[in-house]
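Biologist: Could you walk me through this structure slowly, since I am new to reading models like this?

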There are 2 protein chains.
Amino acid sequence: MRLSNLFTRTAKESAQSDASRNARFLTRAGYIDQLMAGVYSFLPLGLRVLNHIETIIREEMDRIGAQEILMPALQPREIWDRTGRWDKVDVLFKLKGAGDRDLALGPTHEEVVTPLVTSFIRSYRDLPRAVYQIQTKFRDEPRAKSGLLRCREFRMKDMYSFHADEASLDEFYEKTIAGYLNIYRRCGIGAGTLLTYASGGTFSKYSHEFQTVTPYGEDVIYRIPGSNIAINKEIIGDSGALAEIIPGYRAGDESRLEELKAIEVGNIFKLGSRFTDAFSAQYTDSAGAQKKIVMGCYGLGPSRLMGTIAECLADEKGLVWPAEIAPYRLHLVSLVRDLAEIEQCDRIYNGLAAQGIDVLYDDRQGRQAGEKFADADLIGIADRIVVSRKTLAAGGVEWKARLSNQSAVITLEKLYEILRPIERVV
Amino acid sequence: MRLSNLFTRTAKESAQSDASRNARFLTRAGYIDQLMAGVYSFLPLGLRVLNHIETIIREEMDRIGAQEILMPALQPREIWDRTGRWDKVDVLFKLKGAGDRDLALGPTHEEVVTPLVTSFIRSYRDLPRAVYQIQTKFRDEPRAKSGLLRCREFRMKDMYSFHADEASLDEFYEKTIAGYLNIYRRCGIGAGTLLTYASGGTFSKYSHEFQTVTPYGEDVIYRIPGSNIAINKEIIGDSGALAEIIPGYRAGDESRLEELKAIEVGNIFKLGSRFTDAFSAQYTDSAGAQKKIVMGCYGLGPSRLMGTIAECLADEKGLVWPAEIAPYRLHLVSLVRDLAEIEQCDRIYNGLAAQGIDVLYDDRQGRQAGEKFADADLIGIADRIVVSRKTLAAGGVEWKARLSNQSAVITLEKLYEILRPIERVV
């Protein structure tokens, strides 16, 4: 993509300078545009990052055997009455449809997925099953804020699993944890994201959150020193729970936990038969008896994850994207002005495209080198090359990584070598 | 994908036997599931078809130079007041957000896209621009019906173009017509889809619809004999318009037009400065003068297109998908029961996957051949192969096209040859 064609442009000052880091940088760099509090458009660069994140999520969910579907946002009141949640979910957007019918905009899909999937389940042979969707969700947040971190409209991956018994649910739940950790690793926040014990409701003692540690986080968690495990605020005062979670726990040990700020980037729950009971869904076991179907649910918001990555990895110059989710694999900065040199630079751009490398090409004329470099820093693509009269004379390009202060003039062949090992691999 | 793992199953009888052809077949084959009138879930097979259609649309819109974005469904009342449409769009879903704020669910996005894109347009150098999104839209249809053809929640590709003058708009409008015709051709309904003149509103004499001819259509159009051009009901009585559209028109010629039933699968409009005026958006021309920005808008609904393809191409046995949009490229029916033979069949399945061919593998045991063939016909994948003791002994597979009554035992190498030429090409 040529920057001269891209309809967005970078901005020096954010219109909302009091906003969070992710909102400021993503807005200034032309990734997102705020329509109202908690409601954003994704612009070309932003949509590409979102798509890359959603592709990673999709690959990891497919890998653990879940099947992708797409459920509607509009949901009739009847299914929410069935589970008793019509008046209990306080962020539920409610509206009237034709015929004065009560409708909700789905903030979650247990009420839709449970009758849908169980309608195809008759016997133990049809279990386990897991389905997921990546879909736009709605929450009537009283205080939408923090850019992509707390939105009224947002992208969500929600997965639901159905099992004949708790052992099967436990096994799938552990596979999902591994899949989630792969996602965070591939998105560049693996080391900073902790599996966090949270309270579990009526069916299960614990649920789990995935919390990414950052001074900009809104949540407080307590890390077990030397581990990637944490405990959230709900259960820090529960010594019984602590004894179960912390190896070799003794009374008072909670004072040795590290208190950290973090952003929640995923949460998973064992639901038991709460929803299958509400929809009278059962299966026939091998002896012919009717049995309860138990469920798990697994949430992970791609747009919130994008905001978290922006929030955590950005530096004072702008955004910093891991190669796999950057909007483009390479940022090509042209500093040439002579027609013959521009043609040479165009050939490099076309040659990279022919190698299957997605390039953002800053082909703009009449801009100073400093302005172009500042834009490249703000946009945050991992690898940058510069083409100038000097590099053309040297028969190469100047390569620089976003996070390094060093640069080197290298040949195109060498560049392909540098880019190859960081191409997308599962 | 192994059919034994797929969580959906085919059904003999539709729950809604009075529904339209597309709804009946898509529901019976496990592609979609109705949550309420005009609101559907897309199940694994259906989501794959929808994704393939959206990929084709994306490729064709990218090719004409439009940039993809994603705008929100939630829209504040203020922007609709600005264009005077808050009380004029009768299918607008309205709701209240936090702080008693009036919100709408977007049935279209002129109110969002106009200020968004024009905020980046300063001078003639920033024009023309075109953006599109593929997004979930909402219409409070009083009579949602006909399966995917008239929904309350549906997928929509909406594109908006911005121009310095009408000549630029006209040029882009013609390119879009060509892109749309490519889409319909690639989706298997090219020959039956007519460019149809419709009334044009205040800015332009005509707008255009794309109408797919079928006896199941709800619209009536009038085809100019021997052409792929038609006229819709709005302007059939306008002899001035007819004189412009029909070559060599003489009074009374309208009686020679063919009256046909059809489904609208796209519509495009020249908007002039209706929306840019409302948002006070202008550009500076090369002489430094402020000028009006003129716009075009271009709609095409992927889910409605999916319903139309199902409606038009299905036969009495079930769905018929063109190879490029079928949920899988190949349907592999196993009729073997012996363990060693099952292993041989699994090897064929794995070999096809290794060739990059997406296969739906009917590996179910304990089903009759007739039941498996009926399911394959209902699901409607273009190419089918059957593996049986007989074909294994002959060292090959039995290949059959969905629409042909003939079949032949061929080698796997021959099969790869058959599949190759119909792989996705732009």
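Modeller: What follows is a conversation about the parts of this model, taken one topic at a time.

Biologist: What should I know before I start?

Modeller: This is a predicted model, in which local features need pLDDT of at least 70, side-chain atom pairs count only at pLDDT 80 or more, and totals for chains, interfaces and linings use all residues. Residues are numbered from 1 along each chain as its sequence is written, while chains are lettered from A and ligands numbered from 1 in the order in which they are written.

Biologist: OK, which domains is chain A divided into?

Modeller: Chain A has domain 1, covering 21-313, and domain 2, covering 330-422, with bounds that come from an automatic or database domain assignment. Taken over C-alpha atoms, the centres of these two domains of chain A are separated by 40 Å.

Biologist: And how many residues does each chain bring to the contact?

Modeller: Chain A gives 40 residues and chain B gives 41, where two residues are in contact if their C-beta atoms, placed from the backbone, lie within 7 Å. On the side of chain A that touches chain B, the elements giving two or more residues include α2 (44-63), α4 (110-118) and β7 (129-138) of chain A; helices (H or I, at least four residues) and strands (E, at least two) are DSSP runs, numbered from the N terminus.

Biologist: What classes of residue are on that side of chain A?

Modeller: There are 26 nonpolar, 6 polar and 8 charged residues on the side of chain A that touches chain B. Ala, Val, Leu, Ile, Met, Phe, Trp, Tyr, Cys and Pro count as nonpolar, Asp, Glu, Lys and Arg as charged, and the others, Gly among them, as polar.

Biologist: You mentioned α4(A); is that helix mostly covered or mostly open?

Modeller: α4(A) is mostly covered, with 8 of its 9 residues buried, and among these are E110(A), V113(A) and L116(A). A residue is buried if 20 or more other C-beta atoms lie within 10 Å of its own, exposed if 12 or fewer, and partly exposed in between, with C-beta atoms placed from the backbone.

Biologist: Switching to chain B, why does I134(B) count as buried?

Modeller: I134(B) is buried because 22 other C-beta atoms lie within 10 Å. This residue lies in strand β7 (residues 129-138) of chain B, and, leaving aside neighbours within four places in sequence, its contacts include E54(B), R58(B) and P302(B). I134(B) and R58(B) are 76 residues apart in sequence, yet 8.2 Å apart in space from C-alpha to C-alpha.

Biologist: Back to chain A, what is the strand order in the open sheet of 5 strands?

Modeller: The order is β18-β17-β19-β20-β21 (chain A), with mixed pairing, and two strands pair if DSSP finds at least two bridges between them. The edge strands are β18 (359-362) and β21 (407-410) of chain A, each of which pairs on one side only.

Biologist: How do β19 and β20 of chain A pair?

Modeller: Strands β19 (residues 383-387) and β20 (residues 397-401) of chain A pair in the antiparallel sense over 4 bridges, and I385(A) stands opposite W399(A) in β20(A).

Biologist: What about β20 and β21 in chain B?

Modeller: β20(B) and strand β21 (residues 407-410) of chain B pair in the antiparallel sense over 4 bridges, forming a hairpin with 5 residues between them. In β21(B), V409(B) is the bridge partner of E398(B).
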